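Visitor: Please pick one small part of this model and take me through it closely. Then show me what else I should look at, in plain steps.

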Amino acid sequence: MKLKELESCLQQVDAFEEPKILLEQYPTSPHIAACMLYTIHNTFDDIEGKLVADLGCGCGVLSIGLCVGLDIDRDALDIFRRNAEDFEISNVDLIQCDLCAIETQNYANKFDTVIMNPPFGTKHNQGMDMKFLRAALTMAKTAVYSLHKTSTREHIQKKAHDWGVKMEVLAELRYDLPASYKFHKKKSVDIQVDFLRFSKA
Amino acid sequence: MKLLTHNMLTSHVKGVVKGYPLLIKATEVKMNEVEFNPQFVSRMIPKLEWSALVQAAEELGHREDLPGELMAEYEKDEEFLKKVHRVLLEVEVIEGCLQCPESGREFPITRGIPNMLLNEDEV
């Protein structure tokens with residue numbers, strides 16, 4: 001499938017109906033999602049025929065291929081399920097859980113690949129991005145693909161080193177977030193975001 | 001909830017030593033066609049708790065002739081892989097619950113999604 005086709009399919013995916021601010025719910029734009037998935041599949045072959053987990057899956061913009069989506073919010077998961085039905089995607093399964101509370105050891109190395117666009121930790125949930133990353137690295141056998149604020153790159157690099165995992169910056173993205181909450185004053189805001197790949201040595 | 005997913009789920013209620021496997025009490029089960037990929041099925045098998053899968057399939061009345069133990073060289077047996085594919089990916093629990101074998105705590109399954117969230121006092 002061509003990148004443009006993928007992007008245009010993803011534009012049809014339903015997003016959060018009433019985003020919950022404390023969960024930092026923002027849909028990944030179809031453009032960014034398409035680029036991420038295209039790279040993961042074409043450069044690294046980490047999607048097709050693989051067991052993939054999408055942590056903090058929300059409404060499922062990133063989830064394609066055989067995939068298990070995990071999220072704490074039932075409303076988002078219901079939309080994900082609807083999206084999967086609308087697109088007739090049957091190789092998807094969903095779990096409602098709290099990634100900070102589960103024993104990730106039980107899921108250690110169970111997934112070939114983990115993909116995610118985690119909360120960045122800006123809404124009374126500081127450090128959430130690192131918690132997600134830690135969980136992802138436990139659960140993945142081969143690779144973790146994730147989006148993180150560019151401003152945290154050095155910090156993450158250091159943590160990756162401490163944890164014995166290799167980190168690659170695949171791309172720098174300008175994540176364009178349109179105003180979605182009442183307190184947003186600007187029409188949209190660009191956040192510098194790194195698209196990262198982590199692999200176990 | 002597919003049985004591939006169920007095979008991974010554990011109860012992590014405070015104080016529980018081995019909350020696995022979760023017993024399935026289903027009130028609605030559906031079959032959903034999924035494209036068969038023999039290599040994928042073959043790769044998943046070693047990751048599974050095989051007896052838990054057989055038990056789950058049994059609980060749902062979908063065991064058919066799935067063997068209690070894996071035999072050697074299953075990777076080459078396409079008929080066997082098709083049976084495993086069916087049970088792992090095509091049987092779906094839509095409504096019901098999962099029960100922790102130790103604490104008895106029930107985790108509801110609604111619209112195909114198991115809710116593993118614990119209350120504050122259970123964490």
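Guide: Start with the naming: helices (H or I, at least four residues) and strands (E, at least two residues) are DSSP runs, numbered from the N terminus. This model is predicted, so local features need pLDDT of at least 70, side-chain atom pairs count only at pLDDT 80 or more, and totals for chains, interfaces and linings use all residues. Residues are numbered from 1 along each chain as its sequence is written, chains are lettered from A and ligands numbered from 1 in the order in which they are written, and side-chain values use heavy atoms, with hydrogens and water left out.

Now find B:Ile45. This residue sits in the loop of chain B between helix 2 (38-44) and helix 3 (50-59). Is B:Ile45 buried or exposed? B:Ile45 counts as buried because its relative accessibility is 1%. Buried means under 20% relative accessible area, exposed means over 50%, and partly exposed lies in between (1.4 Å probe, protein chains only).

Which residues does B:Ile45 touch, leaving aside its neighbours within four places in sequence? Its contacts are B:Leu70, B:Tyr74, B:Phe80, B:Leu81 and B:Val84. Contact means heavy atoms within 4.5 Å. Look also at B:Glu75. It is 30 residues from B:Ile45 along the chain, and their C-alpha atoms are separated by 9.1 Å.

Two of those contacts, B:Tyr74 and B:Phe80, are aromatic. B:Tyr74 is buried at 12% relative accessibility. B:Phe80 is buried too, with a relative accessible area of 5%.

Aromatic pairs need a short rule. Rings of Phe, Tyr and Trp (its six-membered ring) pair if their centres lie within 6.5 Å; planes under 30 degrees apart count as stacked, over 60 as edge-to-face and the rest as tilted. Over all chains, the structure holds four aromatic pairs. In one of them, A:Tyr145 and A:Phe195 have ring centres 6.2 Å apart and planes at 40 degrees, so this pair is tilted. The pair joins distant parts of the chain: A:Tyr145 is in strand 5 (residues 140-149) of chain A, and A:Phe195 is in strand 7 (residues 188-200) of chain A, 50 residues apart. Both A:Tyr145 and A:Phe195 are buried. Back in chain B, the neighbours of B:Ile45 also pair: B:Tyr74 and B:Phe80 are tilted, with 6.3 Å centre to centre and 55 degrees between the planes. In chain A, A:Phe44, A:Tyr145 and A:Phe195 form one aromatic cluster.

Stay with chain B for two more stops. The first is B:Pro21, in the loop between helix 1 (3-6) and strand 1 (23-31). The peptide bond from B:Tyr20 to B:Pro21 is cis, with omega near -5 degrees. The second is B:Ala26, which lies in strand 1 of chain B. B:Ala26 is partly exposed, since its relative accessible area is 32%. Setting aside neighbours within four places in sequence, B:Ala26 meets B:Leu60, B:Val93, B:Glu95 and B:Gly96.

Next come the cysteines. A disulfide is a pair of cysteine sulfur atoms within 2.5 Å. How many disulfides does this rule give over all chains? The count is zero. Take B:Cys97. The closest cysteine sulfur is in B:Cys100, 12 Å from the sulfur of B:Cys97, so it is too far for a bond. B:Cys97 is buried, with a relative accessible area of 10%. A:Cys97 is buried as well, at 5%.

Turn to chain A for two backbone angles. A:Asp45 is not a glycine, yet its phi is positive, near 50 degrees. This residue is in the loop between helix 2 (30-42) and strand 1 (52-55) of chain A. A:Asp45 is partly exposed, with a relative accessible area of 41%. A:Asn109 is not a glycine either, and its phi is positive at about 60 degrees. Its loop runs between strand 3 (92-96) and strand 4 (111-116) of chain A. A:Asn109 is partly exposed, at 37%.

Finish with A:Gln12, in the loop between helix 1 (3-10) and helix 2 of chain A. At 53% relative accessibility, A:Gln12 counts as exposed.
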